[in-house]
Amino acid sequence: MRGPSVVHAKARVSAQAVPKSGPMSTSRTTSDKLAEATAPLSASATGAIRIDLDALAGNWTALAGCVSPAECGAVVKADAYGLGLARVLPALTAVGCRTFFVATPTEAAEARALSANARIFVLDGLFPGSADALLAASAIPCLTSLAEVAEWSAHARRIGVRLASALHVDSGLNRLGMPTDDVKRLAAEPQILEPLDVVLIMSHLASADDPVDPANATQRVAFEQLRALLPKAQASLAASDGLMLGSAFHYDLVRPGYALYGGQAFRGARAPVQPVVSVHTRVLQVRDVASGAAVGYSGTWRATQPSRIAILAAGYADGFARTASATNKSPGGSVVIHGTRLPVVGRVSMDLITVDVTASPHAVSRGDIAELLGPALALEAAGAEAHTIGYEVLTRLGRRFERHYVGGPA
């Protein structure tokens with residue numbers, strides 16, 4: 001995923017009624033969806049995050065159907081994209097997922113504690129001196145350099161066991177992954193890999209979100225050339241967006257992450273997934289502000305007319321990005337109250353945001369509930385308004401809000 005390239009032209013947010021239908025709407029009204037996706041707030045809570053484990057499981061099942069006969073794994077790094085590995089991994093296991101990808105040895109240990117039989121790959125590779133930790137978790141490192149191959153091979157010789165390994169080759173992203181010269185050396189000196197059981201050859205696409213970017217085909221050709229030099233093993237190239245590029249990119253195993261959690265980053269057809277997360281907070285106060293009065297730190301926004309400003313119990317400590325702040329010249333984020341999308345004004349602070357509710361067709365009062373993320377305000381829209389991407393919105397969700405899990409295994 002290439003950062004905020006998914007953001008299209010963004011107009012200033014004024015009061016907007018939430019549309020009653022959309023690309024994935026059903027016969028249920030938007031009001032029905034809002035009611036279903038709103039988690040109850042306890043009296044002492046500033047906000048709540050609702051995580052629909054049944055929707056998550058349904059997303060994996062839908063993606064698995066799209067890529068069959070290839071295997072569909074799941075990327076659960078960063079605490080399952082901020083949604084809670086301890087609840088997400090069992091929900092995915094219950095519907096048949098058997099292969100998981102994490103980033104670090106610590107995450108591998110956490111995943112192993114939740115599943116005795118899953119295959120667990122570590123995307124960041126082999127950290128110096130981390131071999132014992134990976135073995136304790138029965139995890140498979142995605143080796144990204146000759147140095148990692150050498151260290152993992154030496155450990156295999158030392159304990160007298162062929163160690164399962166993935167080889168991560170660089171097909172054009174120029175991030176982690178073995179460059180072509182390293183792959184050619186492994187081909188020329190096969191004894192380097194003799195202590196290892198290579199079970200996966202993988203790479204990662206740089207521009208998979210854009211179906212017309214020629215870099216995708218270029219990387220696929222490079223991946224074919226590199227894997228031909230290495231031992232026969234399962235192959236994996238596609239993650240959430242790559243699997244949408246078609247069967248030529250599926251190989252033996254796909255690695256969706258963001259799409260599992262309801263993300264729609266692909267700029268072609270919509271992925272067959274539903275939203276998993278909704279976030280709500282409470283209105284603490286509504287105040288009248290005179291024309292010309294400044295709102296928030298540094299007075300970056302001033303009312304151009306007598307205005308009604310709602311103060312909400314959320315801020316950047318809760319994952320509502322400071323980059324969603326607004327000035328009079330530059331719009332920022334938005335929220336939905338009583339079915340109307342309303343603009344954030346002024347600076348986002350640690351605990352509070354200020355929202356212009358002047359144009360709301362419904363009275364906004366202390367105690368009302370505002371949607372920060374959900375059926376009426378999608379991940380991609382929230383990310384765009386904060387000058388970032390939905391991935392970051394998910395993974396920055398704070399721990400202060402209550403969490404409510406819906407569905408999942410009994």
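## Exercises on a predicted model

Leaving aside neighbours within four places in sequence, S130 is in contact with P105 and E151. The structure is a predicted model, and the exercises below start from this residue.

**Exercise 1.** Find where S130 sits, and decide whether S130 is buried or exposed.

*Solution.* Step one: look along the chain. S130 belongs to the loop between β6 (119-122) and α6 (131-136). Step two: check the accessibility. Buried means under 20% relative accessible area. S130 has 9% relative accessibility, so S130 counts as buried. Step three: look at the side chain. A polar atom of the S130 side chain lies 2.7 Å from the backbone oxygen of F127.

**Exercise 2.** Work out the order of the strands in the open sheet that contains β6, and name the edge strands.

*Solution.* Step one: trace the sheet. Its 7 strands follow the order β4-β5-β6-β7-β8-β9-β10, with parallel pairing. Step two: look for strands that pair on one side only. These edge strands are β4 (74-75) and β10 (234-236). Step three: add the helix. Helix α7 (residues 146-159) packs on the sheet and touches β7, β8 (163-168) and β9 (196-202). The direction of α7 makes about 175° with that of β8. Step four: zoom in on one pair. β6 and β7 (residues 140-143) run parallel and are joined by 2 bridges. Here V122 stands opposite P141 in β7.

**Exercise 3.** Describe the largest cavity and its lining.

*Solution.* Step one: the whole structure has 2 cavities of 30 Å³ or more. Step two: the largest cavity holds about 220 Å³ of space. Step three: 19 residues line the largest cavity, and G319, F320, L372, A382 and V393 lie nearest its centre. Step four: β19 (369-373), α10 (379-385) and α11 (390-395) each supply at least two residues of this lining.

Methods:
Residues numbered from 1 in each chain as written. Predicted model: local features only at pLDDT ≥ 70, side-chain atom pairs only at ≥ 80, totals over all residues. Heavy atoms only, no water. Helix = DSSP H or I, 4+ residues; strand = E, 2+ residues; numbered from the N terminus. Buried < 20%, exposed > 50% of the residue type's maximum accessible area, 1.4 Å probe, protein only. Polar contact = N/O pair within 3.5 Å; in protein donor to acceptor, adjacent residues only side chain to side chain. Contact = heavy atoms within 4.5 Å. Pairing = 2+ DSSP bridges. Axes fitted to C-alpha atoms, helices over the stretch in contact; angles between N-to-C directions. 1 Å grid on protein atoms, 1.4 Å probe; cavity = no way out; pocket = protein on both sides within 12 Å on 5 of 7 lines; lining within 4 Å. Points joined across faces, edges and corners; volume = space filled by probe spheres on them.
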